[in-house]
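Got your viewer open and your selection syntax warmed up? Load the model and follow along, one selection at a time.

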Amino acid sequence: MSGNSAVGEAAVLAGCTAYFGYPITPQNELTEHMAKRIVEVPGGVFIQSESEIAAINMVLGASAAGARAMTSSSGPGISLKQEGISYLAADELPAVIVNMMRGGPGMGNISPAQSDYLQATRGGGHGDYRTIVLAPASVQEAADLVYVAFDLADTYRNPVVILGDGMLGQMMEPVTFTTAAPRKEYPKEYVLSGASGRPSRMIRSLLFDTKEEEEHNWKLFRKYQLMEHNEVRYETFLLDDADMAVLAYGIAARIAKGAIKRLRQEGLKVGLIRPITLWPFPMKIIQETAKQLGDFFVFEMSTGQMIEDVKLALEGKGHIHFYGRPGGVIPTPVELSRIIARHCYQSQRSKKR
Amino acid sequence: MKTVYCRPKCMKEAHFHYCPGCGHGVITRLIAEVVDEMELRDKTICVAPAGCGMLLYNYFDIDTIESAHGRGAAVATGIKRVRPENLVFSYQGDGDLAAIGTAEGFHAANRGELISVIFVNNGVYGMTGGQMAPTTMLEQVTTTSPAGRDSVLQGHPVKICEVYATLDGTSYLERVAVNKPAAIIKTKKAIAKAFRHQQQKTGFSLVEILSPCPTNWKMSPLDSCRWVDDVMTKVFPLGLIKETKKC
Ligand SMILES: Cc1ncc(C[n+]2csc(CCOP(=O)(O)OP(=O)(O)O)c2C)c(N)n1
């Protein structure tokens with residue numbers, strides 16, 4: 001199954017009953033899967049909206065009405081959704097937004113890239129907010145993280161972004177759908193259903209009173225702190241005896257793993273830290289690793305965005321190497337292994353000196 | 001003693017923030033009266049706009065959500081599709097529906113979404129201080145058309161009802177006003193009719209209400225009411241624009 005279809009199928013199995021989307025490559029298979037599949041579910045809603053702006057606002061309405069709601073897009077469409085994502089965060093409404101990234105800026109192209117890291121991890125829209133960002137590295141993990149995404153969205157009542165790329169979306173891999181553990185019941189005291197037998201409810205983000213708005217901001221901030229405390233996810237690979245740690249996420253991490261296996265055969269002790277949550281970012285494991293080794297190699301399919309978080313984590317410690325391929329170019333594991341090897345040898349030499 | 005006038009049950013005890021002579025207050029109250037009379041409070045969900053109507057949730061004692069500027073019809077669509085048993089209406093100004101939210105309104109109408117839009121046409125952007133709207137009259141002076149609206153540079157007033165009438169998804173479109181008692185009674189009937197169309201699932205319903213804005217028109221409330229008749233209705237003729245089925 002393609003990553004796009006797998007994400008759609010997992011969403012349906014996770015109880016998503018409302019999907020709104022607008023066509024854009026490389027994520028169309030997801031919208032197309034939902035067009036067929038979600039309407040088979042009782043109460044399932046599918047709309048091909050007139051724009052990404054409309055789609056995210058339909059998500060907002062569906063979420064306020066109590067549904068597990070999702071939308072998906074890529075680069076240019078995700079930019080259009082940012083206003084709505086800001087409102088979802090401000091209104092404390094759960095939703096899942098999938099971004100299968102492509103080369104940018106502007107129209108860019110439709111090839112896989114990691115160009116939207118900063119947009120996704122810094123909120124993306126206006127105002128002081130954050131979204132949880134999950135970065136799967138395989139079709140199986142993409143499907144698994146969809147359940148996680150919906151649960152996190154409901155737990156924190158906050159939008160959650162699944163950040164993949166065109167390769168993850170379009171590649172075919174075997175996938176098994178864990179029949180998700182029985183869904184937790186989440187309190188739904190915010191849902192609009194008509195004020196029957198209860199006081200009326202309002203969902204709003206307009207707070208003219210600066211004191212009230214400030215308090216709302218701090219309330220959201222405390223929620224984000226909880227996420228930072230509880231929701232960091234990452235994977236390490238051959239890190240224990242490593243002299244150099246590669247940092248990469250998503251498909252780039254998959255390429256890096258291939259490269260690292262080759263490097264190990266050459267006798268170079270290279271390991272991997274793969275952030276699964278890009279926000280909250282796995283700061284601690286990087287800081288702990290910095291006690292063991294000094295060389296960090298950041299690999300991204302961009303000119304360097306996650307590297308900013310790595311720098312923040314290291315606080316000036318260690319030496320950061322970087323290799324980036326923006327624009328939809330995907331280096332092979334062999335290519336990457338050669339570059340990492342060169343950096344390894346260089347740093348071994350400079351250490352000897 | 002017989003009560004002939006009181007606060008509608010589905011209104012909170014709050015003071016309107018609307019300016020003196022503004023039509024929004026009348027329209028807000030009319031909606032509440034209709035919701036009461038049709039006994040819809042328990043099932044109604046209101047979508048408030050960015051615009052002078054944005055504080056509706058302070059007045060309505062019904063479930064209400066704020067939408068981003070212009071996105072009301074999309075938000076209402078999301079709600080209604082998930083909760084088809086509820087009555088869902090979106091309250092929008094002319095900047096909201098006829099400028100920034102053109103696509104959302106047009107396509108909700110074209111899909112025949114079973115929602116109602118209460119469209120307040122006051123010919124200006126009230127909330128932000130009286131800038132030109134898509135519905136501003138030709139030659140009308142606003143803060144961003146200081147020489148008067150010029151069709152060559154700024155286009156012509158947009159007639160939402162007539163545009164929507166061409167869409168097969170729409171089932172009820174009527175233009176009314178709130179500048180005098182008889183007109184207000186008609187407006188109330190039109191709102192009720194829009195809600196009935198929604199209940200009977202005939203299609204998308206919209207009531208366009210010509211509404212005075214004395215503050216930004218820089219006129220007295222009385223002159224504003226006259227101006228609705230003398231100037232606005234010449235471009236925006238009142239009456240039923242489309243009804244596919246009697247409701
Ligand atoms: C994206 C965005 N752009 C601009 C604004 C500022 N804004 C708030 S209300 C409004 C215009 C309201 O005018 P209208 O819809 O005609 O309603 P009225 O206030 O006249 O009732 C504008 C431009 C905003 N809130 N959001």
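The tour starts at the ligand and then moves out to rings, charges and a loop. Keep in mind throughout that this is a predicted model.

**Stop 1: the ligand**

Select the ligand and show both chains around it: the ligand lies between chains A and B. Now bring up its shell, which has 17 residues. The closest are B:His24, B:Cys52, B:Asp94, B:Asp96 and B:Gly126, so label those five if you like a tidy view.

Colour the shell by class next. You should get six nonpolar, eight polar and three charged residues.

Which element gives the largest share of the shell around the ligand? Pick helix 4 of chain B, which contributes four residues. That helix spans 94–100, and along with strand 5 (124–125) of chain B, it is an element that supplies at least two shell residues.

**Stop 2: contacts to ligand oxygens**

Turn on distances here. Start with B:His24, where a polar side-chain atom lies 2.8 Å from an oxygen atom of the ligand. Then switch to the backbone: a polar backbone atom of B:Gly126 is 2.7 Å from a ligand oxygen. For B:Met127, a polar backbone atom again, the distance to an oxygen atom of the ligand is 2.9 Å.

How much of the ligand does the protein bury? On its own the ligand exposes 590 Å², and the protein buries 76% of that.

**Stop 3: aromatic pairs**

Hide the ligand and show the rings. Over all chains there are 12 aromatic pairs.

Go to A:Tyr117 and A:Tyr249. Their ring centres are 5.5 Å apart with the planes at 45°, so this pair counts as tilted; the tilted class takes in angles that are neither under 30 degrees nor over 60. Trace the chain between the two and you'll see that the pair links distant parts of it, 132 residues apart. A:Tyr117 belongs to helix 5 (residues 117–121) of chain A, whereas A:Tyr249 is in the loop between strand 9 (244–247) and helix 9 (250–265) of chain A. Both A:Tyr117 and A:Tyr249 are buried.

Now hop over to chain B and select B:Phe16 with B:Tyr18. This is another tilted pair, 5.0 Å centre to centre with 50° between the planes. Buried or partly exposed: which is B:Phe16, and which is B:Tyr18? B:Phe16 is partly exposed because its relative accessible area is 34%, while B:Tyr18, at 11%, is buried. Add B:Tyr59 to the selection, and you have a cluster of B:Phe16, B:Tyr18 and B:Tyr59 linked by ring pairs.

**Stop 4: charged side chains in chain A**

Select A:Lys257 and A:Phe237. The charged end of A:Lys257 sits over the ring of A:Phe237, 5.2 Å from the ring centre.

Then find A:Arg68 in strand 3 (residues 68–73) of chain A. Why does A:Arg68 count as buried? Because its relative accessibility is 7%, and the cut-off for buried is under 20%. Show A:Asp151 as well: its side chain makes a polar contact with the side chain of A:Arg68, at 2.9 Å.

**Stop 5: a loop in chain B**

Finish at B:Val158, in the loop between helix 6 (151–154) and helix 7 (160–165) of chain B. With a relative accessible area of 27%, B:Val158 is partly exposed. For a last distance, click the C-alpha atoms of B:Val158 and B:Met137: they are separated by 9.5 Å, with the residues 21 apart along the chain.

Note on methods:
Residues are numbered from 1 along each chain as its sequence is written. Chains are lettered from A and ligands numbered from 1 in the order in which they are written. This is a predicted model: local features need pLDDT of at least 70, side-chain atom pairs count only at pLDDT 80 or more; totals for chains, interfaces and linings use all residues. Side-chain values use heavy atoms; hydrogens and water are left out. A residue is near a molecule or strand if one of its heavy atoms lies within 4 Å of it. A polar contact is a pair of N or O atoms within 3.5 Å; within protein, one must be able to donate a hydrogen and the other to accept it, and residues adjacent in sequence count only if both atoms are side-chain atoms. Accessible areas come from the Shrake-Rupley method with a 1.4 Å probe; for residues, only the protein chains shown count as cover. Ala, Val, Leu, Ile, Met, Phe, Trp, Tyr, Cys and Pro count as nonpolar, Asp, Glu, Lys and Arg as charged, and the others, Gly among them, as polar. Rings of Phe, Tyr and Trp (its six-membered ring) pair if their centres lie within 6.5 Å; planes under 30 degrees apart count as stacked, over 60 as edge-to-face and the rest as tilted. Buried means under 20% relative accessible area, exposed over 50%, partly exposed in between (1.4 Å probe, protein chains only). A charge sits over a ring if NZ of Lys or CZ of Arg is within 6 Å of the ring centre and within 35 degrees of the ring normal.
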